[in-house]
Amino acid sequence: MEHLDLEKFKTKKILHTTHKMADCDGIASVYWGLKVFGGEYYIPSCELRSAHGLKNFLDLSEKTHIKECDYIFIYDTDKSEDIEIPFSKPYVIFDHHHKRDEKFFENAIFSYSITSSANVINLYNLSQEMGIELDEKMLFSFAIALYTDTGMFRTARKNEFSYFSKFLGSKKFEDIYEIIYQKKLSKNSFLNAITNARFISKNSLEICITEFKTHDEFYAFIDGLFNVLNLDILIATLPEGLRIHMKKKYVQKIYHILFVPIQRAYNIKRYQGIWLGFYNYNILLNALDKYKGE
C-alpha cells in the first residue's frame, strides 16, 4: 500500500492502540486516530500522572472491551513487543522512532514513520498533507504530548517550539499543568525520598542516589531539583528496577561507555529507561571510577 486511503479505512472496523506504559504521545495519537477514522481503542495502563491527566481530559478510559475489528492501528512504538494485544488482524503503524524492529514494519500493510521528537508532529504533518482539520482539543492534546515527550522541553529545539506554538493556539502554557498534574503526588513519600537521598562526589561528578515509590516521584525530582542542586547524575531505585538520569553531556561519555557494557554483561532488559529487575547501583558507582573527566 503506497498511500493512506482514508475512505477505505473509514468503512472498516479499526482498533487503535499504543505501547505498554502508555504516555501522552501515545494517548494523543490514539485520540487522533479515533477522530479521523472512528472505531474502538485499547490504551494500556499509564505509567505517569501526566498520561492519566490527558486520558481524563480526552474522556478516554485506560482499557476498553476489544471487539472484533478489521484492522489494528498502532501508534508511538517501533517494536512489536511493546504491544499488549495480539496481532490477529492486519495492522498499520504510525511512529516516530528508528524502526528498530524491522520485521514489525515489513509486515505492516502501511506505516507512516518519520524520525522526530514526538509522534504527534508526524500526525500533524500527515493531517496537513491530507487536508484533515484538527480541532482545538486535538491540537491541545498534541501540545501536551510534545511538551512531555521532549522531557518538559529539556530536549526541545527551535523546530519543536515552532510546532508547539501551533498546537497551543489560544491556550495558555499553564493550562497544560492543569492537565498533567491533576493526579496528586504523595507529599510524604516524595519528601521521604529526598530525606533519604545520598549525595556523593566522585571524579568531579555530583551524584544523587535515592529510592522512589513511583515514576511520578522520579520525574518530580528531575523537574524540580536535579538542576537546582547542580547534580550530574541521578541513580534512582524504583519498584521495577534502576532508572538513571544525567546531564546530556555525560550520556555518551558515561552512560554509553561505562553503563551500557554493564547492562549487556548482566543481560539487563531496559524498557522506557528502566533497568528491569536490576537494583545494584554500587556496580554503577564502581564503574564511575573509570571516568577520567572532561
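The following paragraphs describe the sheet, the nonpolar cores and some local backbone features of a predicted model.

Because the model is predicted, local features are reported only where pLDDT is at least 70 and side-chain atom pairs only at pLDDT 80 or more, whereas totals for chains, interfaces and linings use all residues. Residues are numbered from 1 along each chain as its sequence is written, and side-chain values rest on heavy atoms, with hydrogens and water left out.

Six strands make up an open sheet of mixed pairing, in the order β6-β7-β8-β9-β11-β10; strands (E, at least two residues) and helices (H or I, at least four) are DSSP runs numbered from the N terminus, and two strands are taken to pair if DSSP finds at least two bridges between them. The edges are formed by β6 (198-202) and β10 (270-271), each of which pairs on one side only.

At the β6 edge, β6 and β7 run antiparallel and are joined by five bridges, with Phe199 standing opposite Cys208 in β7. These two strands form a hairpin with two residues between them, and Asn203 in the turn has a positive phi of about 50°. Ser204, which is found in the loop between β6 and β7, also has a positive phi, of about 70°, although it is not a glycine. With a relative accessibility of 62%, Ser204 counts as exposed, the classes being buried (under 20% relative accessible area), exposed (over 50%) and partly exposed in between, for a 1.4 Å probe and protein chains only.

Strand β7 (residues 205-211) is mostly covered, five of its seven residues being buried, and pairs with β8 in the parallel sense over five bridges. Across this pairing, Ile207 stands opposite Ile233, while the bridge partner of Cys208 in β8 is Leu234. Cys208 thus faces Phe199 of β6 and is also bridged to Leu234 of β8. In β8 (233-238), six of the six residues are buried, and both faces of the strand are covered, with Ile233, Ile235 and Thr237 on one side and Leu234, Ala236 and Leu238 on the other. Further along the sheet, β9 (residues 241-246) and β11 (residues 274-276) pair in the antiparallel sense over three bridges, and Gly241 stands opposite Leu276 in β11.

Phe199, Val228 and Leu229 make a nonpolar surface patch of about 300 Å². Patches consist of residues with over 30% relative accessible area and no salt bridge, in which nonpolar side chains (Val, Leu, Ile, Met, Phe, Trp, Tyr) are joined within 5 Å and like charges within 9 Å; a salt bridge is a side-chain nitrogen of Lys or Arg within 4 Å of a carboxyl oxygen of Asp or Glu, and accessible areas come from the Shrake-Rupley method with a 1.4 Å probe, only the protein chains shown counting as cover for residues. Val228, located in the loop between α10 (215-226) and β8, counts as exposed at 60% relative accessibility.

The largest nonpolar core, a set of buried Ala, Val, Leu, Ile, Met, Phe, Trp, Tyr and Cys residues joined through side-chain atoms within 4.5 Å, has 54 residues, of which Ile27, Trp32, Phe37, Phe73, Phe94, Phe142 and Phe167 touch the most other members. Beyond its neighbours within four places in sequence, Ile27 is in contact with Ala22, Ile43, Cys46, Ala51, Leu54, Lys55, Leu58 and Leu60, contact meaning heavy atoms within 4.5 Å. Another core, of 25 residues, lies apart from the largest one and includes Ile254, Trp275, Phe278 and Ala287.

Finally, Met152, in the loop between α6 (136-149) and α7 (158-168), has a positive phi of about 55° although it is not a glycine.
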